[in-house]
Amino acid sequence: AAYLAPEVVNAKPGTIEDLVYIDYSKNDVFAAGMLAHYMLTNGVEDAFATRDPEYTAVHHPHYSAATYNHPPRGCPPPIADLVWAMVNPSFEHRITAEEALARVDAMIYVGDQWE
């Protein structure tokens, strides 16, 4: 549950008269980005962790650019940019799985000549 996208975590249940549609189409990308961020920080830091000892991702669905913990400085910019694009709290600005794959393919094609 910790890696559910904000639009899924924040969804309010509907009623029979007022059905709610929850768009899960970018949830897996969000979860993969959160996992990638976790691996880039060697499991030390969650992508949206706060310094609050009561913090848990499940109980802190207020993801924002202001609370994003960037990957370590040694992380190559294209990878850091990809991870941010995957965990962007804005559904409209978060990339799709196909777009993430295209970026990875481009990085593989270019090799270590990212600059």
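How many aromatic pairs does the structure hold? Just one, counting Phe, Tyr and Trp rings (the six-membered one for Trp) with centres within 6.5 Å. This is a predicted model, so local features need pLDDT of at least 70 and side-chain atom pairs count only at pLDDT 80 or more, while totals for chains, interfaces and linings use all residues. Residues are numbered from 1 along each chain as its sequence is written, and side-chain values use heavy atoms, with hydrogens and water left out.

**Rings**
- Tyrosine 68 and tryptophan 84 make up the pair, at 4.7 Å centre to centre and 55° between the planes; that's tilted, the class left once under 30 degrees is called stacked and over 60 edge-to-face.
- The partners are 16 residues apart: tyrosine 68 is in the loop between helix H2 (27-40) and helix H3 (77-87), and tryptophan 84 is in helix H3. Helices here are DSSP runs (H or I, at least four residues), numbered from the N terminus.
- Tyrosine 68 is buried at 6% relative accessibility, whereas tryptophan 84 is partly exposed at 24% (buried is under 20%, exposed over 50%, partly exposed in between, with a 1.4 Å probe and protein chains only).

**Nonpolar core**
- The largest core has eleven residues, including Phe30, Met34, Tyr68 and Val83; a core is a set of buried Ala, Val, Leu, Ile, Met, Phe, Trp, Tyr and Cys residues joined through side-chain atoms within 4.5 Å.
- H2 gives the largest share of this core, three residues.
- Beyond four places in sequence, valine 83 is in contact (heavy atoms within 4.5 Å) with Gly33, Ala36, His37, Leu40 and Tyr68.

How values were computed: Helices (H or I, at least four residues) and strands (E, at least two) are DSSP runs, numbered from the N terminus.
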